[in-house]
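User: Please give me a close reading of one part of this model, and then set it in the context of the surrounding chain. I would like the residue-level detail to be kept throughout.

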Amino acid sequence: MLKVISVRNLDHYFGNGSLRKQVLFNINLEISAGEIVILTGPSGSGKTTLLNLVGGLRSPLVERSSSSQSASLRVLGQELYGASAERLVQARRRNGYIFQGHNLHGSLTALQNVKMGLELHQYIELAELETRAIQILEQVGLGNHLHYYPDQLSGGQKQRVAIARALVSHPQLVLADEPTASLDSQSGRDVVNLMQKLAHEKGSTILMVTHDHRILNIADRIVQMEDGRLMSPTPAVIS
Ligand code: ADP
């Protein structure tokens with residue numbers, strides 16, 4: 001099966017000189033199209049760093065030492081290890097990101113914010129753009145808040161608008177960092193259902209950092225990180 005993500009022998013460091021600290025150690029991970037993979041583990045274990053590297057939000061450090069000769073970070077068929085800044089930007093644009101802190105445009109309504117997630121896709125007709133944006137907002141339980149501005153929405157509602165914006169273009173790869181952390185049970189379930197539907201119906205691949213036990217049962221695979229290392233994968237928990 002097509003590998004959407006293929007990470008081989010990847011290390012990562014922060015800082016320079018005596019402050020240099022290794023935070024990822026020889027990461028090897030393969031994720032196939034349509035898989036939902038959850039990355040879990042203690043705070044500081046390197047989950048966000050790995051997610052950011054896969055998403056092209058952080059440049060992999062290209063080391064000339066022997067251990068990293070064979071390092072590779074292939075995402076959607078593109079090699080990001082050693083890639084130029086321009087290539088990383090291109091790679092970034094293809095993905096759907098769900099991070100904490102939503103980054104909604106304050107001067108745009110919920111609907112307008114979500115439509116922005118589709119604007120890169122020029123082939124979509126205006127009417128369809130509107131329909132899809134409304135549909136996805138309904139799916140995250142915000143059908144009655146289409147014309148609300150971010151400062152009229154609660155933290156959880158803003159998070160759901162950001163999620164709708166990230167998913168409306170049906171990205172091939174969705175990267176999410178604690179997507180349900182600020183959501184109540186019902187909203188969390190709506191978001192999880194939406195992601196599951198995207199994976200099953202559109203073949204999207206989802207890599208998500210979470211500690212939320214409510215989500216664990218949608219995973220095809222749960223991968224544990226500890227101290228910058230991937231532990232052997234555990235089978236998905238069915239609760
Ligand atoms: P997690 O997501 O599992 O909490 P992170 O990937 O955020 O872990 O962090 C892994 C390690 O890298 C931690 O020790 C953290 O302090 C360090 N780290 C993360 N980002 C930076 C940064 N920008 N500069 C320096 N150190 C960082």
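Analyst: Setting aside residues up to four places away in sequence, Thr-109 touches Leu-146, His-147, Tyr-148 and Tyr-149. The model is a predicted one. Thr-109 lies in the loop that joins strand E6 (96-98) to helix H3 (110-116). Because buried means under 20% relative accessible area, Thr-109, at 6%, counts as buried.

The part that merits the closest reading is the ligand site. The residues around the ligand are Phe-14, Lys-21, Val-23, Pro-42, Ser-43, Gly-44, Ser-45, Gly-46, Lys-47, Thr-48, Thr-49 and Arg-58. By residue class, this shell divides into three nonpolar, six polar and three charged members. Strand E2 (21-32) and helix H1 (47-55) each supply at least two residues of the shell. H1 gives the largest share, three residues.

Several polar atoms of the protein approach oxygen atoms of the ligand. From the side chain of Lys-21, a polar atom lies 2.6 Å from a ligand oxygen. The backbone also takes part: a polar backbone atom of Ser-45 is 3.1 Å from an oxygen atom of the ligand, and a backbone N or O atom of Gly-46 is 3.0 Å from a ligand oxygen. Taken alone, the ligand would expose 560 Å², and the protein buries 61% of that area.

How many of the nine residues of H1 are buried? Eight of them are, and the helix is accordingly described as mostly covered. The buried residues are Lys-47, Thr-49, Leu-50, Leu-51, Asn-52, Leu-53, Val-54 and Gly-55. Of these, Lys-47 and Thr-49 also belong to the residues around the ligand. Immediately after the helix comes Gly-56, which has a positive phi near 75°.

The other element named above, E2, belongs to a sheet. This is an open sheet of four strands in the order E2-E1-E4-E5, and the pairing is antiparallel. E2 and strand E5 (78-79) stand at the edges with a single partner strand each, so one side of each has no neighbour in the sheet. Thus E2, which supplies residues to the ligand shell, is an edge strand.

Strand E1 (residues 3-14) pairs with E2 in the antiparallel sense over eight bridges. Two positions illustrate how these strands are matched. Tyr-13 stands opposite Gln-22 of E2, while Ile-5 has Ile-31 of E2 as its bridge partner. Six residues separate the two strands in their hairpin, where Gly-15 takes a positive phi near 80°. Within E1 itself, Asn-9 has a positive phi near 45°, in a residue other than glycine.

From E2 the account can be carried to Thr-205, in strand E8 (residues 205-209). Apart from neighbours within four places in sequence, Thr-205 is in contact with Val-4, Ile-31, Ser-32, Ala-33, Gly-34, Glu-35, Gln-172, Leu-173 and Val-174. Ile-31, one of these contacts, is the bridge partner of Ile-5 described above. Is Thr-205 buried or exposed? With a relative accessibility of 1%, Thr-205 counts as buried. A polar atom of the Thr-205 side chain lies 3.0 Å from the backbone nitrogen of Gly-34.

Two further positions may be set beside these buried residues. Asp-227 is placed in the loop between strand E9 (221-226) and strand E10 (229-230). Its relative accessibility of 59% makes Asp-227 an exposed residue. Like Asn-9, Asp-227 is a residue other than glycine with a positive phi, here near 50°.

Arg-214, in helix H7 (residues 213-216), is partly exposed, with a relative accessible area of 31%. When neighbours within four places in sequence are left aside, Arg-214 is in contact with Thr-180, Leu-183, Asp-184 and Ser-185. The C-alpha atoms of Arg-214 and Lys-158 are separated by 20 Å, with their positions 56 residues apart along the chain.

To return to the ligand site: H1 contributes three residues to the shell, eight of the nine H1 residues are buried, and Lys-21, through its side chain, places a polar atom 2.6 Å from a ligand oxygen.

Key:
Residues are numbered from 1 along each chain as its sequence is written. This is a predicted model: local features need pLDDT of at least 70, side-chain atom pairs count only at pLDDT 80 or more; totals for chains, interfaces and linings use all residues. Side-chain values use heavy atoms; hydrogens and water are left out. Buried means under 20% relative accessible area, exposed over 50%, partly exposed in between (1.4 Å probe, protein chains only). Contact means heavy atoms within 4.5 Å. A residue is near a molecule or strand if one of its heavy atoms lies within 4 Å of it. A polar contact is a pair of N or O atoms within 3.5 Å; within protein, one must be able to donate a hydrogen and the other to accept it, and residues adjacent in sequence count only if both atoms are side-chain atoms. Accessible areas come from the Shrake-Rupley method with a 1.4 Å probe; for residues, only the protein chains shown count as cover. Ala, Val, Leu, Ile, Met, Phe, Trp, Tyr, Cys and Pro count as nonpolar, Asp, Glu, Lys and Arg as charged, and the others, Gly among them, as polar. Two strands pair if DSSP finds at least two bridges between them.
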